[in-house]
Amino acid sequence: QVQLVESGGGLVQVGDSLRLSCAVSGRTFGNYVMGWFRQAPGKEREFVAHIKWDVGSTYYTDSVKGRFTISRDNAKNTVYLQMNSLKPEDTAVYYCAAKTGVYFQYNYWGQGTQVTVSS
């Protein structure tokens, strides 16, 4: 089992920055892929970014490219999402997720953390 606990959400102003953290515990392997998703009110959950735990390669959805950065700290077993130049449309509950490989479904999810960007 893998446990994921997000933190770092909050209320910020347009243009501000915020860093989300996802603490990972339990049985994990180097080939895990860690992802961030978000769900805005009345909308479906959408993919934001992912990082391959072993090689550190990353991928982002177009709407956050150049503003968000996903990273991981192997020593702390933590994944981060640095969010800069925040916009009102970034308002959502952000979820951390994990899967056992690139071609698998995400099967581990955190409880989510609320990010609200006020204009």
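This report describes the strands, salt bridges, surface features and backbone geometry of a predicted model.

In this predicted model, local features need pLDDT of at least 70 and side-chain atom pairs count only at pLDDT 80 or more, whereas totals for chains, interfaces and linings use all residues. Residues are numbered from 1 along each chain as its sequence is written, and side-chain values use heavy atoms, with hydrogens and water left out.

## Strands and sheets

Strands are DSSP runs of E with at least two residues, helices are runs of H or I with at least four residues, and both are numbered from the N terminus. Two strands are said to pair if DSSP finds at least two bridges between them. Strands of a sheet pair through backbone hydrogen bonds, either parallel or antiparallel.

One open sheet has four strands in the order β1-β3-β8-β7, with antiparallel pairing. Strands β1 (2-7) and β7 stand at its edges with a single partner strand each, so one side of each is left without a neighbour in the sheet. On average, neighbouring strands of this sheet are turned by 20 degrees against each other, direction ignored; the axes are lines fitted to C-alpha atoms (for helices, over the stretch in contact), and angles run from 0 to 180 degrees between N-to-C directions. Within the sheet, strand β3 (residues 18-26) pairs with β8 in the antiparallel sense over six bridges, and R19 has Q82 in β8 as its bridge partner.

Strand β11 (residues 113-118) takes part in two further pairings. With strand β2 (residues 10-13), β11 pairs in the parallel sense over four bridges, and S118 in β11 is the bridge partner of Q13. With β9, β11 pairs in the antiparallel sense over three bridges; here A92 stands opposite V115 in β11.

The side chains of β11 alternate: T113, V115 and V117 point to one face and are buried, while Q114, T116 and S118 point to the other and are not. Buried means under 20% relative accessible area, exposed over 50%, and partly exposed in between, with a 1.4 Å probe and protein chains only.

## A buried histidine

H50 is placed in strand β5 (residues 46-52). Its relative accessible area is 17%, so H50 counts as buried. Apart from neighbours within four places in sequence, H50 is in contact (heavy atoms within 4.5 Å) with V33, M34, G35, S57, T58, Y59, I70 and Y106.

## Salt bridges

Side chains of opposite charge can pair when their charged atoms come close. A salt bridge is a side-chain nitrogen of Lys or Arg within 4 Å of a carboxyl oxygen of Asp or Glu, and a search of the whole structure finds four of them. The table includes three.

| Salt bridge | N to O distance |
|---|---|
| E46 and R38 | 2.6 Å |
| D90 and R38 | 2.9 Å |
| K65 and D62 | 3.0 Å |

K65 is partly exposed at 47% relative accessibility, and D62 is exposed at 58%. Elsewhere, salt bridges that share partners join R38, E46, R67 and D90 into one network.

Within that network, E46 is partly exposed at 34% relative accessibility, while R38 is buried at 5%. The pair of D90 and R38 links distant parts of the chain: D90 lies in the loop between β8 and β9, R38 in strand β4 (residues 33-39), and they are 52 residues apart. Both D90 and R38 are buried.

## Surface patch and backbone angles

V102, Y103 and F104 make a nonpolar surface patch of about 400 Å². Patches are made of residues with over 30% relative accessible area and no salt bridge, joining like charges within 9 Å and nonpolar side chains (Val, Leu, Ile, Met, Phe, Trp, Tyr) within 5 Å. The areas come from the Shrake-Rupley method with a 1.4 Å probe, and for residues only the protein chains shown count as cover. Y103 is found in the loop between β9 and β10 (108-109) and is exposed, with a relative accessible area of 81%.

Most residues other than glycine have a negative phi. N77 has a positive phi near 50 degrees; this residue lies in the loop between β7 (68-73) and β8 (78-83) and is partly exposed, with a relative accessible area of 27%. S85 also has a positive phi near 50 degrees. S85 lies in the loop between β8 and β9 (92-99) and is partly exposed, with a relative accessible area of 41%.
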